[in-house]
Structures are given as structure tokens and as C-alpha cells.
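Here is a short report on salt bridges in one protein model. Please look over the sequence and the structure before reading on.

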Amino acid sequence: MYQKDFIMRMLEMIADLIALLLGLIKKGDLSQAHKLLENAYRDFLKEDASFFRNLPKEKLTEDLLTKHNYTNSHLKILSELFFAEAELNIAKGDKVNGLNYYEKSLLLLEFTEKDSNTFSLSNESKIKSLKEKINISMR
């Protein structure tokens, strides 16, 4: 019970952080958004951002679940951070990296949804949105 409450609080905190990051990106304060995002990796996942950035898509879930003992909740948080990373890269004009992070975010979100026992309308909506962003970025 306590662990579920903790996880729910963490997911709420990450949602607030993502909203703040997207607000900074929208305002054009990309430097502040970048700093906040860098700190978020360490605060929420206890690793530097570069650790996650360097993981190849093909081994992302396997490595994190088996070698680093992360849970699906960690993967959901990382999916959100990758989404913010994509938005930041797109705002900077770096479509290639933006697309890469959208794809990583989608991969993690789809993986956690497959493994989940419950249906989440918000996650399904997020998956659809990510697929649309990926299609747009590929043009």
C-alpha cells in the first residue's frame, strides 16, 4: 500500500515537472528547461541524463529492467523525461534528436502499457499523440 502511494506521488510530481518544462520551452527559456531536465534524471532515476541518452532503443527496456533493476514505474517516468527531451530538441531545431527521443518515449510507454493489468485512457491518448508527433517529425 505504501509503495503504491509513493509511486503515485512520484508520477504526480513528474507530471508537474513535465508541465513546468513544457511551459519553459513554450516561453523560449530553453536554457532553464535544459537545466531542469538534467536535474530531473538524477532526482527521479538516480542516474545522470547521459546514462539514459546513450542507451540504444533496441536494448532500452531489457537493459533497464534486467541490468539496472528498474520497474515499470521507472520506465514510465523515463518515458515522460524522454518526451520532454524530444520537445526541447524540437524547440532547438534539432529534429533528428527530437525524433529519437519521441521514439524512445513511445517504446517505453507501449512496453509499460503491455505489461499493465489496467487500461489507461490517458496513456492510450499519449501513445496516439506520440505516434502523430513521430509522423510529423519524419516529414
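The report below covers the salt bridges and the residues that form them.

This is a predicted model, in which local features need pLDDT of at least 70, side-chain atom pairs count only at pLDDT 80 or more, and totals for chains, interfaces and linings use all residues. Residues are numbered from 1 along each chain as its sequence is written, and side-chain values use heavy atoms, with hydrogens and water left out.

A search of the whole structure turns up 8 salt bridges. A salt bridge here is a side-chain nitrogen of Lys or Arg within 4 Å of a carboxyl oxygen of Asp or Glu. The table lists some of them.

| Basic residue | Acidic residue | Closest N to O |
|---|---|---|
| Arg53 | Glu38 | 2.5 Å |
| Lys57 | Glu103 | 2.4 Å |
| Lys67 | Asp63 | 3.5 Å |

Take Arg53 and Glu38, which form a salt bridge. This pair links distant parts of the chain. Arg53 is in helix α3 (residues 49-53), Glu38 is in helix α2 (residues 30-45), and 15 residues separate them. Helices are DSSP runs (H or I, at least four residues), numbered from the N terminus. Arg53 is partly exposed, with a relative accessible area of 21%. Glu38 is partly exposed too, at 26%. The scale is simple: buried means under 20% relative accessible area, exposed means over 50%, and partly exposed lies in between (1.4 Å probe, protein chains only). The pair also belongs to a network of salt bridges that links Glu38, Arg53 and Glu85.

Next come Glu103 and Lys57, whose side chains meet in a salt bridge. This pair also links distant parts of the chain, 46 residues apart. Glu103 sits in helix α6 (residues 95-115), and Lys57 lies in the loop between α3 and α4. Glu103 is partly exposed at 23%. Lys57 is partly exposed at 25% relative accessibility.

Where do Lys67 and Asp63 stand in relation to each other in helix α4? They are separated by about one helical turn, because they are 4 residues apart in that helix. Helix α4 covers residues 60-67. Is Asp63 buried or exposed? Asp63 is buried, with a relative accessible area of 8%. Its partner Lys67 counts as exposed, at 54% relative accessibility.

Which residues does Asp63 contact, leaving aside its neighbours within four places in sequence? They are Leu55 and His68. Contact means heavy atoms within 4.5 Å.

Technical notes
Helix = DSSP H or I, 4+ residues; strand = E, 2+ residues; numbered from the N terminus.
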